[in-house]
Amino acid sequence: MKLKVLPIVLTAVVSAVLLFGGWFIYRQVAVQSPIEKMVTQYEGVNDVQLSINRNDIQMKLDLKPNVDLGRLVQYLHKEGQDLIGSRTLKLDVVDHSNEALENWWGDAMFTVAQAMENKQYAEITPTLSKMATGGIQVNTAMDDNNVYVSLRDGDASKFIILPRVPGQIGVWPNA
C-alpha cells in the first residue's frame, strides 16, 4: 500500500490550524476580552494591555492620576477571581511622572525601603504623608503581597508597587 504524502500533510496542517486557532479564539473570547472589559470599566483606567500565560496574567495599566491603585488591585482580585483563577497577577503601571515626583520619591525611597526591610509597614503611610509637600499627594495601600504607593502632583502621577518579599523591593538589583 502506497501512502499519499499530500493528503497526510494537508490533514496535519488543517488539524494544527483548527487546534491552535481554537485555543487562540477560546483564550481571546473567554479570558482576555472579559478581563479587558472588567479592567477598563474601572473608573480611572485609561487603557490595559494583557499578556496571559499559563501561570500568570501580566497587565500593563495606563491610569489617571487620581486612581487608588490599592483599591484597583482589590477590585481585580474580587471581581476577576473566576477569570484569573490560580494565575498570579503581575502589574506594570505606565509612568506619567514629572521631575518633582521623581525627586520626591528619591528622597522618600530610603525611608520606605527601611520600613519594608524591617516589616514596619504601618510606618510607611504616616512617614510619606509628613514628607508630602509642595502639592504632592500620597496614597498608600497594602495587601498580602505588595505595598502600593500612589503619588500625584497635578496631572503627573507615579505608581510604585513594592513586593513584601525582603530583598526584592525593586530599587536595588538582587545580589
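User: Among the elements of the protein chain, which has the lowest mean pLDDT and which the highest?

Analyst: Helix α1 (residues 5-40) has the lowest mean pLDDT, 84, and strand β2 (residues 56-63) has the highest, 94; pLDDT is the predictor's confidence in each residue, from 0 to 100. Helices (H or I, at least four residues) and strands (E, at least two) are DSSP runs, numbered from the N terminus. This is a predicted model, in which local features need pLDDT of at least 70 and side-chain atom pairs count only at pLDDT 80 or more, while totals for chains, interfaces and linings use all residues. Residues are numbered from 1 along each chain as its sequence is written, and side-chain values use heavy atoms, with hydrogens and water left out.

User: And what is the mean pLDDT of the protein chain?

Analyst: The mean is 87, and 94% of the residues reach 70 or more.

User: Switching to the sheet of 3 strands, what is its order?

Analyst: The order is β4-β5-β6, in an open sheet with antiparallel pairing, where two strands pair if DSSP finds at least two bridges between them. The edge strands, each pairing on one side only, are β4 (137-142) and β6 (156-163).

User: How many bridges join β4 to β5?

Analyst: There are 6 bridges between β4 and β5 (residues 146-153), and Thr-140 stands opposite Val-149 in β5. β5 and β6 pair over 8 bridges, also in the antiparallel sense, with Ser-150 opposite Phe-159 in β6.

User: What links β5 and β6?

Analyst: They form a hairpin with 2 residues between them, and Gly-154 in the turn has a positive phi of about 65 degrees.

User: Which strands does helix α4 lie across?

Analyst: Helix α4 (residues 99-117) lies across β4, β5 and β6, and runs at about 20 degrees to β6; axes are lines fitted to C-alpha atoms, for helices over the stretch in contact, and angles run from 0 to 180 degrees between N-to-C directions. Contact means heavy atoms within 4.5 Å.

User: Where does α4 bend?

Analyst: α4 bends by about 40 degrees at Ala-108, the bend being the angle between axes fitted to the seven residues ending there and the seven starting there.

User: Which residues of α4 are buried?

Analyst: Among them are Trp-104, Trp-105, Ala-108 and Val-112, where buried means under 20% relative accessible area, exposed over 50% and partly exposed in between (1.4 Å probe, protein chains only). What covers the buried residues of α4 includes α5, β4, β5 and β6.

User: Why is β6 described as largely enclosed?

Analyst: Because 6 of the 8 residues of β6 are buried, the strand is largely enclosed by the rest of the structure.
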